[in-house]
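Here are my notes for your reading of this model, set out as numbered points. Please keep the structure open beside you and find each element as it comes up.

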Amino acid sequence: MKKEILHINIPFFLSSVESLYDHSLKGRPFIIASSDSLYSPVLEISETAYRAGIRRDMTVAEAKTLEKDTLIIRPDNRKYTRVLSAIESLIGRFTPIYEILPTSETYMDIRGTGRAFGAPEDLALRLFREIYYQTGLRSHIGIGSSKLISKAAASFFNTDALLRVINGSEQTFISPMSVRILPGTDKWILQRFSDYGIFKVGDITRFSTEELCAIFGKSGNLFKLWSCGTDIRPIFTKNHPLIREETVISYEENSYETLSKKIFFLASDIGFRLRERRCAAGRFRLVITYTDNISAEGYSGAKPKINTDISIYRLLRALFYRIRTRRINIKDITAEASLLSPVFAQQELISLPQSRERRLFSAIDTIRKRFGDSAIRFGIEDRI
Amino acid sequence: MKITLQKAEIEKAINFTQGIIDKRTTNPILSNILFSASDDKLELYSTNMDISSINQISANVETAGRAVVSAKILFDIIRKFPPGEIQMRRMDNNWLELKSSSVQYKIAGLHPEEYPTIEKPKKGDYVSVKSKTLLKLLKKTIFAVSIEDVKKILGGILFDFSEENYLKLVATDGHRLSLVKEPVSMKVRKKGENSLVLPRKGMQELQRILEETEEDIKVNIDDKMAVFKTETKTLMMKVLEGTFPDYNQVMPRDNDKILRINRQRFYDALSRMVIVSAERSNIVRISFSDEGIVVSSESPNEGEGKEFVEAEYRGTKMDMGFNARFIMDILEVADDEVIEMKLLDELSAVLIKTAQDENFLNVVMPVRMP
């Protein structure tokens with residue numbers, strides 16, 4: 001059975017959610033930034049701000065220069081999580097295999113759902129309507145044989161529209177599109193593409209895999225595959241043996257203390273997800289992205305496998321100082337936990353000291369489940 | 001010091017003596033053995049400050065004296081010596097010369113005065129205990145002693161003398177508990193003391209002594225120190241400080257579901273299933289039903305397995321998770337061919353004993369399966 005991936009994209013997701021909660025924002029240029037500071041990076045923009053030329057990753061100062069009436073809104077994760085949960089419960093009714101990103105981008109594997117929900121186009125229209133009725137948000141939907149093609153299809157039109165790319169026509173469809181559509185194309189990659197006269201996806205096919213690997217390293221293989229319309233990336237479902245958490249860092253937060261705090265929060269969130277799934281992770285990956293869009297990554301193993309905030313924090317912090325080799329501000333940190341395996345809770349006959357730690361985490365997790373991830377946090381000190 | 005002795009005898013003695021020496025000691029002198037030669041006998045002393053041993057072997061002593069050398073180096077050298085006589089001589093610079101007809105070694109040593117003083121036990125009230133009885137008691141409890149540094153007191157075996165003419169040994173690591181009692185007349189030599197805890201390492205050494213001897217062992221225990229003596233070997237150990245958990249409180253009393261199963265069949269099934277347990281965690285699932293039990297395990301990366309074992313079960317159907325190692329340890333030392341498990345529910349303590357013997361009781365906590 002051929003793969004059929006449906007991609008839902010809600011344009012300007014964070015700002016659209018803010019507009020839902022505050023109707024006075026509708027039609028006004030505003031940006032979402034973690035602080036009012038002029039050096040703070042813009043996390044998300046409203047459609048009106050986009051039309052004014054403001055883009056993500058600009059600083060607040062640059063946004064203000066382009067449109068002086070731009071409002072600055074602080075991000076409120078609780079609102080976004082609430083909307084994402086509503087979307088998730090909706091799409092979960094149609095397929096068990098789906099991946100939903102914090103940016104609201106959603107990939108659904110709709111293979112074999114034809115008998116229950118009709119043709120993919122009918123399912124897409126139904127989803128479009130139901131998302132709008134339930135959340136008030138408009139979405140762009142694309143259908144294709146892979147994540148890349150379905151995403152490219154969803155972004156083809158700038159209006160509410162649906163596009164399905166028929167199997168076999170992927171390369172023809174993607175060839176004239178800008179290389180910006182390809183995953184992981186940061187400023188550095190785009191510059192390299194430009195250096196070699198690659199502007200459209202189709203331009204990549206002029207190069208052999210070896211040549212692409214010589215230019216881009218391991219990513220060359222992927223670029224070659226993508227240029228042929230092939231994308232082998234799987235859909236990471238909730239049960240996928242990988243947990244990923246990401247945090248955005250503003251200019252002011254690049255101090256030693258704040259970075260440590262951010263890493264601890266990442267560790268804390270990963271620990272919570274691991275314990276929620278009653279498992280422990282044996283491998284951790286940390287990716288840091290500098291403000292010039294260059295990334296660095298590192299891996300570290302944990303033996304025995306771990307799932308407590310403090311043990312994960314120690315490992316991630318060591319990893320962070322290992323991979324941070326440049327004296328440039330960081331704008332993003334992503335942490336991933338993999339090699340997950342179930343944790344068997346050995347019951348105790350006698351209360352042991354380590355079980356106090358387990359009980360503490362159990363209590364913290366209960367509070368987090370009820371009042372949100374940030375409801376309770378450890379006070380961190382460097383000696384942890 | 002100048003002596004001549006048999007290779008086989010000194011090899012055996014060093015092997016026993018070095019068992020006490022910590023591999024990672026912070027005090028380098030403790031990784032050495034003290035030799036003391038006099039009156040046609042050689043005494044080997046070793047200590048880790050908590051446990052000390054004295055081992056006596058016969059030797060032809062030409063010149064009495066003492067020497068201190070590294071236990072590991074000496075053992076490695078002695079092992080490689082050809083069979084026969086070995087001559088040992090302490091040199092002026094404290095080095096030790098080892099010589100046979102064709103082999104000669106000179107190994108670095110320390111001044112004997114630097115070695116900590118190991119006081120020989122005073123001649124006091126020793127009680128004679130049958131080696132086999134004590135060995136049986138140790139074997140049935142030592143596996144349950146905690147090997148983690150979580151609670152120091154759990155790193156030992158409780159000797160409980162509270163029951164008249166009975167010696168009760170109890171060990172627990174917090175997840176399981178083993179209790180065994182035998183008619184032994186023994187007391188702590190201090191009024192008001194009915195029990196004490198002796199360290200695991202000391203018990204392992206005692207087990208080695210008991211396995212080698214047929215004769216009765218002399219025991220003298222007070223509230224600070226325990227001494228175990230045979231004709232040639234003396235083992236002294238400090239009593240662990242702290243309060244051992246009240247084991248009577250954790251003994252399950254309301255377990256109403258009873259399983260009777262063949263010990264060997266049960267052991268074989270468990271040992272087969274642990275091969276594919278997740279992450280080699282030894283976790284197995286046991287499903288109890290009227291026909292018997294099904295032991296199963298699965299590992300996401302390695303596979304899965306299950307085995308049916310016929311058994312007599314009285315109770316409702318139930319699935320429980322166990323660390324198979326905990327049960328296997330009990331089955332390995334149980335004397336009877338029929339094992340009895342008393343259960344309550346999926347997460348409560350399980351009592352495991354042999355069908356006949358009420359003097360060997362084990363409590364095992366289950367594992368909550370995800």
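**Notes on strands and the chain contact**

1. In this predicted model, a good place to begin is chain B, where strand 13 and strand 14 form a hairpin with three residues between them, and where Gly174(B) in the turn has a positive phi of about 95°. The two strands run antiparallel and are joined by six bridges, and one pairing to look for is that of Ala171(B), whose bridge partner in strand 14 of chain B is Ser178(B).

2. Strand 13 of chain B also pairs with strand 12 (residues 156-160) of chain B, in the antiparallel sense and over three bridges. These two strands form a hairpin as well, with six residues between them, and Asn165(B) in that turn has a positive phi of about 65°. Here Leu158(B) has Val170(B) in strand 13 of chain B as its bridge partner.

3. Is strand 13 of chain B enclosed or open? Six of the six residues of this strand, which covers residues 167-172, are buried, so the strand is largely enclosed by the rest of the structure. Leu167(B), Leu169(B) and Ala171(B) point one way from the strand, while Lys168(B), Val170(B) and Thr172(B) point the other way, and all are buried.

4. A loop residue of chain B deserves a separate look: Ser100(B) is found between strand 8 (96-99) and strand 9 (104-107) of chain B. Ser100(B) counts as buried because its relative accessible area is 15%, which lies under the 20% cut-off. Leaving aside neighbours within four places in sequence, Ser100(B) is in contact with Phe81(B), Pro82(B) and Glu85(B).

5. Turning to the other chain, chain A has 15 helices and 13 strands, and 48% of its 384 residues count as buried. Among the contacts in chain A with a separation of 6 or more, 63% are accounted for by residues 24 or more positions apart.

6. The contact between the chains takes 27 residues from chain B and 16 residues from chain A, and together they bury about 1900 Å², of which 68% is on carbon and sulfur atoms. The elements that give two or more residues to the chain B side are strand 14 (176-182) and strand 27 (367-368) of chain B. By class, that side has 16 nonpolar, five polar and six charged residues.

7. Across this interface there are zero salt bridges by the rule used, whereas four residue pairs are in polar contact. Strand 13 (residues 345-346) of chain A pairs with strand 27 of chain B in the antiparallel sense over two bridges, and Ala345(A) stands opposite Arg368(B) there.

Notes:
Residues are numbered from 1 along each chain as its sequence is written. Chains are lettered from A and ligands numbered from 1 in the order in which they are written. This is a predicted model: local features need pLDDT of at least 70, side-chain atom pairs count only at pLDDT 80 or more; totals for chains, interfaces and linings use all residues. Side-chain values use heavy atoms; hydrogens and water are left out. Contact means heavy atoms within 4.5 Å. Buried area is the accessible area (1.4 Å probe) that two parts lose on being put together, summed over both. A salt bridge is a side-chain nitrogen of Lys or Arg within 4 Å of a carboxyl oxygen of Asp or Glu. A polar contact is a pair of N or O atoms within 3.5 Å; within protein, one must be able to donate a hydrogen and the other to accept it, and residues adjacent in sequence count only if both atoms are side-chain atoms. Helices (H or I, at least four residues) and strands (E, at least two) are DSSP runs, numbered from the N terminus. Ala, Val, Leu, Ile, Met, Phe, Trp, Tyr, Cys and Pro count as nonpolar, Asp, Glu, Lys and Arg as charged, and the others, Gly among them, as polar. Two strands pair if DSSP finds at least two bridges between them. Buried means under 20% relative accessible area, exposed over 50%, partly exposed in between (1.4 Å probe, protein chains only).
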